[in-house]
Amino acid sequence: MIAFLLRRLGAMLLLLIVVSFITFSLFHFGPADPASAACGQECTPDRVEQARIALGLDKPFFVQYLTYMSGFIMPRMIGAPGAESACAWPCLGKSFQTNENVTDMIANALPFTLSIAIGAVVLWTIAGVGLGLLAAMRKGKAADRIIVGGASVGVSLPIPVTGLVLLLVFVGILHVLPFTSNSINSPFGAAGPWAWVLNYLLPWLAIAILFSAQYIRVTRSNMIETFNEDFMRTARAKGLARRSIVFKHGVRAGITPVVTMLGMDIGGLLGGAVLTEQIFSVPGLGFTAVHAATSGDLPVTMAITMLAAFFIIVASVVVDLVYAAIDPRVRIN
Amino acid sequence: MSTAATATAPPEGAPKLVTGRSLLGTAWMRIRRSKIAMVSLAIVILMVLFALLAPVLTAIEGQNPDATNTGPDVLDAFENPGLPLPGYMFPSAEHWLGVEPGLGRDLFARLAYGAQVSLIIALLSTIVSVILGTVLGAAAGYFGGKIDSVISRLIDLFLAFPHLLLVLSIAPILQSRLKDSPLAQGSFVPITSLVVVLGFFGWAYLARIVRGQVLSIREQEYIEAARSFGTSHLSMILKQIIPNVAGVVLVYATMMIPTNITAEAALSFLGVGVKDPTPSWGQMLNAAQQGNWYLNDPWFLAVPSIALIITVLAFNLLGDAVRDALDPKSSRN
């Protein structure tokens, strides 16, 4: 167990370093000139050169990369020689646009993304797994057909469309919910849990509608497969109660692919619900990333991409561990 | 195996041989039996025709996608400046789908030319991903050893990257580089940049599937037989391996097209893909959100949304049908 963990952690660290190197070089060799972007509109060549030195862009590529990576181990100084400012550990650089510390920007944005992720995950897991299980148990009947049909349509709904339609109906026409960006000023809602739910309900739904449709399909097909297995027949032959057959034997064995999917999706979502945050103007990681990408703010883009990759890689390790815990047939070694 | 059945025609005059149907032949027969599949196929064909015939259709309508109509008889000048007056907001004989708010351009013409852009991007990026995924996956599975471990690590790496975030950050970089190329005319830059980023970051999953298939094909007797004839590696991969993974590749390609249609819509919606004045369905969604037009002109949001949902749904249902037809085990029993 410990050997397994150490091996996975080692591989994880290696993968992260490779990801950081590739991301860094992709952005480094991109044609965007961060120095003139940071310097502003009316900028003489002299000033651009100064900005270049201040941002450390005059140094060779490898020096820049190693300097950047050193921020993960210790604090470093950023800026032109003589005019440096400290960047505390863990240092992810400073925004080319606002000169803000990227670590602080991420610390501010992450809670908003978490807020969206928590509600969306709870909604889509309950709806997706619940309806998928129901469809599998009523296979071929009316309920199954309706659920399967709904899921087929659900997976075809792009998030921009769902999000804008939700805003149009609930905010524009019915006026029953607040426009998220007007009322969000703290990630977890200082105005209490009820205000938090009302604020985030539409972003949650925008994500949950698409994801629950996918979970319905995966849950249903896995459960149907499991229901046909020999051990299920044995359980039925033993005369166990239907409830015990379905939940104790069936779900425990058939749910593992759903758990894998859930883990990977949570990992992916923590890196920023890009579209949803943009539609509802929630200042989370995805929203910050879109603005950084369109304005050539490399340190911010770089940091969010790496953080998102980190979440995805961690999720894959966690999924393996959870897998072994719920499926009695899986052993870690 | 699939090629063997169709390769030899019975000699003249000989009694008719009973030959098995090829894999794709059987699949086509099953697809033809499914009503949903045939309706989806018809919709897909109609959408492609709609895109191809955009110049003809708009000529019949007598409009073009770039002509603005900002006169006071078309757009409101007082209460909601820029909002089309009722006679122009909705379908009419003059403007089949009404006009856009703001610039008063013809919506039908933009939808038709937008279909061209959206479908071309989805199709070409799918082709890029399919070629990369099939070739790399087949090479990994066929050669094994060092080549396999290099390609497999590459697949892990690509799957660990936060897909949307990376594509989102690279698209603007690529676009500003392409802008200086001599080919940069019309919609070349947005189309090429999206095809490259979506194609280049979309192959890993398919490669993993193909690799798994090839690993099992490699052990079959006919491969051993071909090897005993001294077949070269290249001809082995092209003539023996690839035809036998064609089914799986076809399934994933059909499913990748709607994913890429949605991805184009997402990126253009975020403002990093296709940009005004070039129309695409994602660009139209972006335009509907700009300045909150969709709140006062829901029709403007409905037009690209309905086109997107119908097309994505038709491709998804067709993909399901192709999968069920090629793999009887996975049928929706």
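**Cores and helices in a predicted model**

Trainee: Which residues touch the most other members of the largest nonpolar core?

Mentor: A:Trp124 and B:Leu168 do, in a core of 138 residues. Keep in mind that the model is predicted.

Trainee: Why is this core said to lie between domain 1 and domain 2 of chain A?

Mentor: Domain 1 covers 2-87 and domain 2 covers 102-326. Both give residues to the core, so it lies between them.

Trainee: What makes B:Leu168 a contact of residues in chain A?

Mentor: Contact means heavy atoms within 4.5 Å. B:Leu168 touches A:Val274, A:Ala289, A:Val290 and A:Ala293. In chain B, its partners include B:Leu267, B:Leu270 and B:Val272.

Trainee: Which residues does the second, separate core include?

Mentor: That core has 16 residues, among them B:Ala138, B:Tyr142, B:Val245 and B:Val249. Members of a nonpolar core must be buried, so these four count as buried.

Trainee: How many residues of chain A are buried, as a percentage?

Mentor: Buried residues make up 47% of its 333 residues. The cut-off is under 20% relative accessible area.

Trainee: What secondary structure does chain A have?

Mentor: Chain A has 15 helices and 2 strands.

Trainee: How do you know that residues 194-213 of chain A are helical?

Mentor: That stretch is 100% helix and 0% strand. Its end C-alpha atoms are 27 Å apart. Residues 300-326 are also 100% helix, with end C-alpha atoms 38 Å apart.

Trainee: What does UniProt call these two stretches?

Mentor: An unreviewed UniProt entry gives both the feature "transmembrane region". The entry also places that feature at 112-134, 146-174 and 258-280 of chain A.

Notes: Residues numbered from 1 in each chain as written. Chains lettered and ligands numbered in written order. Predicted model: local features only at pLDDT ≥ 70, side-chain atom pairs only at ≥ 80, totals over all residues. Heavy atoms only, no water. Core = buried A, V, L, I, M, F, W, Y, C linked by side-chain atoms within 4.5 Å. Buried < 20%, exposed > 50% of the residue type's maximum accessible area, 1.4 Å probe, protein only. Domains from an automatic or database assignment. Helix = DSSP H or I, 4+ residues; strand = E, 2+ residues; numbered from the N terminus. UniProt positions renumbered as here; feature names shortened; annotations may be inferred. Lists of a residue's contacts leave out its neighbours within four places in sequence.
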